[in-house]
Amino acid sequence: MFKFIGLIPIIGLILRKFNKILQFGQFNHINRMIMISKVSIKSVVLTLCTLAGLHLMAQNHSNRMLSDTIDVVNYELNLSVTDLSSQTISGKAGIRFTTPLTEINQLILELKQLQVDSVKSDNDVLLGFTHVGNRLSIYLDQAMSVGDTSLVYVFYHGTPFHEAWGGFHFAGSYAFNLGVGFESIPHNLGKTWFPCVDDFVDRAFYDYHISVDNTNYAVCGGLLQSISTMCDGTLMFHWKSDRTLPTYLASVAIGPYELVADTVSGEAGQIPITYYVRPSDTTRARGSFINLPLITGIYEEAFGAYPFQRIGITGTSLGAMEHAENIFYPNGSINGTLSDEWLYAHELSHMWFGNKVTCASDADIWLNEGWARWCETYFREKLYGIEAARNNMRPLMKNVLQYIHTKEGGYRPLSPMPPEYTYGDNVYDKGGIVTHALRGYLGDSLFFG
Ligand SMILES: [Zn+2]
């Protein structure tokens with residue numbers, strides 16, 4: 001309810017301005033471009049997110065989310081994926097959590113399709129649990145209240161779920177997760193490879209300890225801490241992320257990767273860049289990503305310092321997916337040319353729009369995807385000039401004005417977007433145009449700050 005009161009006037013202003021732009025020649029305002037900040041654009045996004053979040057709170061008043069009762073602080077994920085041909089995983093997930101409530105006796109998580117073998121407390125005491133559907137209810141050995149922190153370990157195994165796109169995939173000699181699904185509702189699919197509070201709100205730190213066959217590599221978010229050879233000859237990769245993330249942005253990819261390493265001089269210092277690709281793609285990777293450091297600079301100048309520790313691109317058979325510091329990027333787009341440069345420009349922009357600041361629910365996913373779509377135009381403007389930006393924006397406008405209402409059941413506001421259209425053209429294309437109109441309405445001095 002609050003969002004309708006708060007956002008309708010804003011969206012109304014944007015759309016009125018949008019109509020005006022259409023009437024009087026779209027792009028003159030782009031020429032005013034130049035300025036840069038680190039504050040205003042973030043303020044706009046944060047304001048929109050706050051409004052969206054308040055709406056979500058009202059929306060979920062009678063349907064509480066797990067993150068209303070549990071706040072996960074850290075996931076320590078010990079995952080064994082040593083035999084890819086079996087298409088199974090086994091894991092031990094250490095979950096450190098607190099609660100905002102005065103008393104809880106259960107830890108409720110989600111885990112999809114995998115079987116729970118046992119649950120233990122930090123003191124090695126077996127805990128009772130039920131696992132019905134995706135819902136894993138763990139009975140704590142002592143009640144917790146506000147300020148208490150507890151740690152439980154969940155032991156599990158099985159064949160992980162995947163849909164056509166999202167979930168945990170085995171693809172030949174590679175395995176990887178995609179943190180959201182187009183078909184699954186809710187779309188969050190962290191639950192396909194570890195027990196978790198699987199929504200857009202709960203943010204936690206991650207330690208990944210991934211055991212793989214000694215011919216393989218494991219690539220996760222964060223920074224690589226160590227590679228250990230275990231007694232049985234397998235390798236354990238330890239990655240650690242010191243930025244909090246919602247579950248859909250956690251990631252793992254396994255396979256015979258080769259690393260192409262680079263760095264970019266960022267606002268806050270040197271940023272390591274990793275391209276983990278198939279051995280046959282190393283030369284192509286250098287060609288396809290040649291402008292990634294430049295695009296990073298464009299975004300830093302516009303939106304502020306890169307918000308994570310590493311820029312990571314990892315080749316997968318499906319993608320692209322903006323996992324934090326570990327973008328899963330389709331192998332076919334690592335072709336040695338710049339033909340799909342727009343795609344990693346889109347995914348990289350998510351590190352600011354979506355990963356640093358995340359929509360509170362999929363009803364407001366345009367705050368992720370609309371802004372990333374707009375960045376596809378913005379990087380072109382800065383890298384290739386205004387005409388390239390106009391040529392990119394015009395088809396979006398045509399699609400929005402001419403077709404979207406016929407494809408997605410009428411004229412839709414961007415928010416709240418029904419879940420069946422979370423990843424539709426309204427969210428992406430209209431979201432990109434509304435962002436563009438917002439820039440035009442505010443002017444660059446306010447938009448960028
Ligand atoms: Zn996106």
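# A walk through a predicted zinc-bound protein

Among contacts in the protein between residues at least 6 apart in sequence, 71% join residues at least 24 apart. Keep that figure in mind as you look around, since several of the places we visit are links of this kind. The model in front of you is predicted. It has 449 residues, of which 57% count as buried, and its chain forms nine helices and 18 strands.

Let's start with the metal. Which residues hold the zinc ion? The protein donors are His346 and His350, each through its NE2 atom, and Glu369 through OE, and they lie 2.0 to 2.1 Å from the zinc ion. Written as a sequence pattern, the spacing of these donor residues is H-x3-H-x18-E. Two of the donors sit on separate helices: His346 belongs to helix 5 (residues 341–349), while Glu369 belongs to helix 6 (residues 366–384), and the two are 23 residues apart. If you look for them at the surface, you will be searching in the wrong place, because both His346 and Glu369 are buried.

Next come the aromatic rings, and there is plenty to see: the structure holds 36 aromatic pairs. Take Phe303 and Phe353. Their ring centres are 4.8 Å apart and their planes meet at 80°, which is why the pair is called edge-to-face. Here again distant parts of the chain are linked, with Phe303 in helix 4 (residues 292–303) and Phe353 in the loop between helix 5 and helix 6, 50 residues apart. Both Phe303 and Phe353 are buried.

Phe303 has another aromatic partner, Tyr378; this pair is tilted, with 6.1 Å from centre to centre and 40° between the planes. Tyr378 lies in helix 6, 75 residues from Phe303 in helix 4. Why do Phe303 and Tyr378 count as buried? Phe303 does so because its relative accessibility is 1%, and Tyr378 because its relative accessibility is 1%; the cut-off for buried is under 20%. Step back, and you can find these rings within one aromatic cluster, formed by Tyr299, Phe303, Tyr306, Phe308, Trp352, Phe353, Trp371, Trp374, Tyr378, Phe447 and Phe448.

What about the cysteines? A disulfide is a covalent bond between the sulfur atoms of two cysteines. How many disulfides does the structure hold? The number is zero. Two cysteines to look at are Cys359, buried with a relative accessible area of 0%, and Cys375, which counts as buried at 0% relative accessibility.

Now follow the chain into helix 7, which runs over residues 386–407. Its 22 residues reach 30 Å from the first C-alpha to the last, close to the 32 Å expected at 1.5 Å a residue. Along the way helix 7 has a kink of about 45°, centred on Val400. Val400 is also one of the buried residues of this helix, which include Ala389, Asn392, Met393, Leu396 and Ile404. An α-helix has 3.6 residues a turn, so residues three or four places apart point the same way. After helix 7 comes Gly409, with a positive phi near 70°.

Strand 9 (residues 174–178) offers another view of the fold, through Tyr174. Is Tyr174 buried or exposed? Its relative accessibility is 13%, so Tyr174 counts as buried. Leaving out residues up to four places away in sequence, Tyr174 touches Leu84, His169, Ile254, Gly255, Pro256, Tyr257, Arg278 and Pro279. Look at Arg278 in particular: it is 104 residues from Tyr174 along the chain, yet their C-alpha atoms are separated by 9.6 Å.

Finally, visit a few loops to see some details of the backbone. The peptide bond from Ile185 to Pro186 is cis, with omega near 0°, and Pro186 lies in the loop between strand 9 and strand 10 (204–212). Another cis peptide bond joins Gly319 and Ala320, where omega is about 5°. Ala320 is in the loop between strand 17 (311–316) and strand 18 (327–330), and Glu325 is found in the loop between strand 17 and strand 18 too. Although Glu325 is not a glycine, its phi is positive, about 65°; at 1% relative accessibility, Glu325 counts as buried. Gln113 is not a glycine either, and its positive phi is about 75°. Its place is in the loop between strand 3 (104–110) and strand 4 (115–121), where Gln113 is partly exposed, with a relative accessible area of 40%.

Technical notes: Residues are numbered from 1 along each chain as its sequence is written. This is a predicted model: local features need pLDDT of at least 70, side-chain atom pairs count only at pLDDT 80 or more; totals for chains, interfaces and linings use all residues. Side-chain values use heavy atoms; hydrogens and water are left out. Helices (H or I, at least four residues) and strands (E, at least two) are DSSP runs, numbered from the N terminus. Buried means under 20% relative accessible area, exposed over 50%, partly exposed in between (1.4 Å probe, protein chains only). Contact means heavy atoms within 4.5 Å. Donors are N, O and S atoms within 2.8 Å of the metal (3.2 Å for Na, K and Ca); water is not among the atoms, so sites may look incomplete. A disulfide is a pair of cysteine sulfur atoms within 2.5 Å. The expected span of a helix is 1.5 Å times one less than its number of residues. The bend at a residue is the angle between axes fitted to the seven residues ending there and the seven starting there. Rings of Phe, Tyr and Trp (its six-membered ring) pair if their centres lie within 6.5 Å; planes under 30 degrees apart count as stacked, over 60 as edge-to-face and the rest as tilted.
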